[in-house]
Amino acid sequence: MDAEPKNTGGKAEPWGDITPDAARRLVSAAVHAFAERGYHATTTRDIASRAGMSPAALYIHYKTKEELLYQISKVGHERALTILERARDSEGTPAERLADAVRSFVRWHAEHHTTARVVQYELGALAEEHHAEVIAVRKATDGAVRSIIEDGVKAGVFDVPDVRGTSVAVLSLCIDVARWFNARGRSTPDEVGDLYAGLVLRMVGARVGQP
């Protein structure tokens, strides 16, 4: 499995804000363990070993394995929401804002594909309270995309009979990049982002030349 790139074109590491260093190392180790083996097949011993620590040291920072997953999922979803809200609130036409949202969202999922796979596909392992909190953030990401599409429909520049369904389709298309992206492949994150932005504009029937 490809490791997360340590340098993503000058962009911040997903866990750069987590302190102390030991806690950050544990989160990074958990990401790779969960991505490689799945949440349920991963033990706390696996995670501690990858972080170069003893199993007992892990519990100083995280009480359970689920708490680690929650930290990963929460940070990842909040980062995704920030990306989409920034595009939603930016100046420009609905087509420009939607293209920017998709391009940035896809690029993040490609650059951090290992992290994103855990963030997006291990939700079911979260405890009920944590799951509800993350789902609320996930609904907000859907709302950000839906808001841009609604603006385009109101302006008469998008042809979208089902805004809600289209929003879900756009997000699903972007998220799936984390599943297949290969850092050693032929396409860069920027190239995939540009490709998907164009695909989504065609999906909504964007009339780019219209005001």
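Over residues 20–80 of this predicted model, the chain is 77% helix and 0% strand, and the C-alpha atoms at the two ends of that stretch lie 23 Å apart. The stretch is the one covered by the UniProt annotation "domain: HTH tetR-type", which comes from an unreviewed entry.

The chain as a whole holds ten helices and zero strands, and its pattern, read along the sequence, is α-α-α-α-α-α-α-α-α-α. The radius of gyration of the chain is 18 Å, close to the 17 Å that the globule rule gives for 211 residues, so the chain is as compact as a globular protein of that length. Along the principal axes, the C-alpha trace of the chain spans about 60 × 40 × 25 Å.

How much of the chain is buried? Buried residues make up 48% of the 211 residues, while the chain exposes about 10,500 Å², of which carbon and sulfur atoms supply 50%. Among the contacts in the chain with a separation of 6 or more, 71% are accounted for by residues 24 or more positions apart.

The following table collects the percentages for the chain.

| Quantity | Value |
|---|---|
| Buried residues, out of the 211 residues in the chain | 48% |
| Contacts with a separation of 6 or more that join residues 24 or more positions apart | 71% |
| Share of the exposed area of about 10,500 Å² supplied by carbon and sulfur atoms | 50% |

As for charge, the chain carries 27 positive and 29 negative charges, and the mean positions of these two sets are 3 Å apart.

Conventions:
Residues are numbered from 1 along each chain as its sequence is written. This is a predicted model: local features need pLDDT of at least 70, side-chain atom pairs count only at pLDDT 80 or more; totals for chains, interfaces and linings use all residues. Side-chain values use heavy atoms; hydrogens and water are left out. UniProt positions are given in the numbering used here, feature names are shortened, and annotations may be inferred rather than shown by experiment. Helices (H or I, at least four residues) and strands (E, at least two) are DSSP runs, numbered from the N terminus. The radius of gyration is taken over C-alpha atoms; the globule rule is 2.2 Å times the number of residues to the power 0.38. Buried means under 20% relative accessible area, exposed over 50%, partly exposed in between (1.4 Å probe, protein chains only). Contact means heavy atoms within 4.5 Å. Accessible areas come from the Shrake-Rupley method with a 1.4 Å probe; for residues, only the protein chains shown count as cover. Lys and Arg count as positive and Asp and Glu as negative; His and the chain ends are not counted. The place of a charge is taken as NZ of Lys, CZ of Arg, CG of Asp or CD of Glu.
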